[in-house]
Structure formats: structure tokens, C-alpha cells
Amino acid sequence: MSNTSSQSILLPDVAETGMLTFYCHAIESQHPDPILRDEKAVEIFRQFNPVFANSSSRLLRKLAKGKVSKELVVHITLRAKKYDDYALSFLNKHPSGVIVNIGCGMDSRFHRVDNGQVTCFDLDLPEMIEFKRRFYEETERYHFIGASVFDYAWMDQVADLGPRPVLFMAEGVFMYLDAVKVKELVLELQSRFPGSELVCEVVSERYTRKPWNRMVSMKLNQQIGAGQGASFTFGIRTDRELETWHSGIEFLDAWSYFDSGHPRLGWMGVMGKMKFMRNVQYTVHYRLN
């Protein structure tokens, strides 16, 4: 990590709302019994705070003061822990496999799951990757790609490693992207990386339509400070929907926050027993044959 002065931290616009996930990791890591331990997030969190406390951004000022709802911290860190578990399970089967973290933001998953053999690519928009380089160092097994996920040229860097098992992870990304482009992307991954796996967060398709999408937009604005236009634009009707896109796509499993049964879910854990609540926002896992 570079010796970046806290007074020189300038956050790109594309990264501002993405900082919420990062801060939830740092906040939870300091809990007496944390759901997720992310020491790298805590280290960087301490550099950010002096600057963000005086930011012109309402969201960044709130984050610097730790003003994030406890429920949101629990949900985001339960999700991160589960995605780490998916990565570790994949590496248990394929120790020298490849992990591609799509829309990585400031996430430190490589540091949390590194087994000494894995190769990891962090993929995000160029501005985000440029910012991330100031706090993380690339190595022979840890690489950054600054590009749109829809600019398929990034896949060449992964393919250049040869025929190795690949796990693609998209945590909190696809639901905000164009639905047609998401389908094209998945089919491209299936074509270029046969036998790979995909773990991605999705929402129920109904939340991409009126009036539900308007309610989502209001929630995103109030809860994470996203712009007024932020909403869910990609969703699926059933867990197995991606299987209908190609005969080689195989559903493996699905996971919801509520499946953890964690006591800190509180009353939301009870609500999660109802199917319509469980499938509002959840994760699906596929093999791309």
C-alpha cells in the first residue's frame, strides 16, 4: 500500500456509494463477535475517516461517523461472508484456480481467501481501480483490471492464464445493470470459459417494474445515498431462469441472507421465513458448461 496522506484522498464519483459496503466491513470487523473479519478494511478505514468526516458528501460524513443502520451492516457482512465461503469452497476443489471479482470496489476478498496458490482479478471501472491502487498492491497472483464488465477485452487477461478453473463473482452488481447486457455477458462467459462457475446477486424480477422499482429507488436514496435515478434494472423470475438461456448453464444452489439463521438478523430473520421476502434480493450459483 502506498503512503497516501489522508489529506490527499480524493474519491472518484463512481466510488462514493460503493464505499458503503467497504465501511460496513470495517465497522463489523470491530464488533466483539464479528460476522466478518476484514483487517484490511479497518486499516484503510482509519485513513479515510479524517477526510470523510469533513466531506461535502452527506453519505461520506455519515460513514465517517459510523452512522450506518445495524441491519444494513449485518446484511452486507453476511453476504460478504457467504461469498468468501463460496470462494473458499471453490479453492478447496481447485487450489490453483482463478477468481474474478466483478465490480470489486474497495473489497479485499483476495486478502481474506488467499491460499497461496489462487490467482485473483479485481475488475471495476477505471476510476475505481485507479483509486484502489493507492491502497492495495498488485502481485503475481493479484491483478487489477480497470474496465467496464461489458468491454469483453478484459476476458483476454483471464484466458491468458490457460485452461484453469474460474469462479466469477458479482456481489451487489448485476441488479443495477442493463438486463439484455447481463444476459449477453453470462453467455459470453459460458462460451469462453466452459466449466467455470458464476456466483451473482440477483433480485426478483418484479422489483424491476413499476411500482416496485420506484419504491426501490426511494430506499436506495434514503439508505445508501444513491442518486434519484438509482434502481434495479435486472432481475430473474426463478432461481433456475439462467438455465433457459443456454443448455450448458446449470443451476447449483441459491442463498438468501435469511438462510444464515444468524441471531443478529433479529425480527428480519422471522420475516425471511416467508418466500416473498427471501427472494427479494438473494444469490444464485451456476456452472457454465
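Two strands count as a pair if DSSP finds at least two bridges between them. Keep that in mind as you explore this predicted model.

**View 1. The whole chain brings together 11 helices and 7 strands.** Of the 289 residues in the chain, 51% are buried. The chain exposes about 13500 Å², and carbon and sulfur atoms supply 51% of that area. Among contacts with a separation of 6 or more, 72% come from residues 24 or more positions apart.

**View 2. Strand S5, residues 196-203, is mostly covered.** How many of its residues are buried? The count is 8 of 8. In a regular strand, side chains alternate between the two faces of the sheet. Here, one side of S5 carries Ser-196, Leu-198, Cys-200 and Val-202, and these are buried. The other side carries Glu-197, Val-199, Glu-201 and Val-203, which are buried too.

**View 3. Strands S4 and S5 run parallel.** S4 spans residues 166-170, and 4 bridges join it to S5. Look for Phe-168, which stands opposite Leu-198 in S5; Leu-198 is one of the buried residues of that strand.

**View 4. A helix belongs to the same story: S4, H8 and S5 form a right-handed β-α-β unit.** Helix H8 covers residues 179-192.

**View 5. Strand S7, residues 281-288, runs antiparallel to S5.** Here 8 bridges join the two strands. Which residue of S7 is the bridge partner of Val-203? That partner is Gln-281, while Val-203 itself is buried.

Methods
Residues are numbered from 1 along each chain as its sequence is written. This is a predicted model: local features need pLDDT of at least 70, side-chain atom pairs count only at pLDDT 80 or more; totals for chains, interfaces and linings use all residues. Side-chain values use heavy atoms; hydrogens and water are left out. Buried means under 20% relative accessible area, exposed over 50%, partly exposed in between (1.4 Å probe, protein chains only). Helices (H or I, at least four residues) and strands (E, at least two) are DSSP runs, numbered from the N terminus. A crossover is right-handed if, with the strands pointing away from the viewer, the path from the first strand over the helix to the second runs clockwise. Contact means heavy atoms within 4.5 Å. Accessible areas come from the Shrake-Rupley method with a 1.4 Å probe; for residues, only the protein chains shown count as cover.
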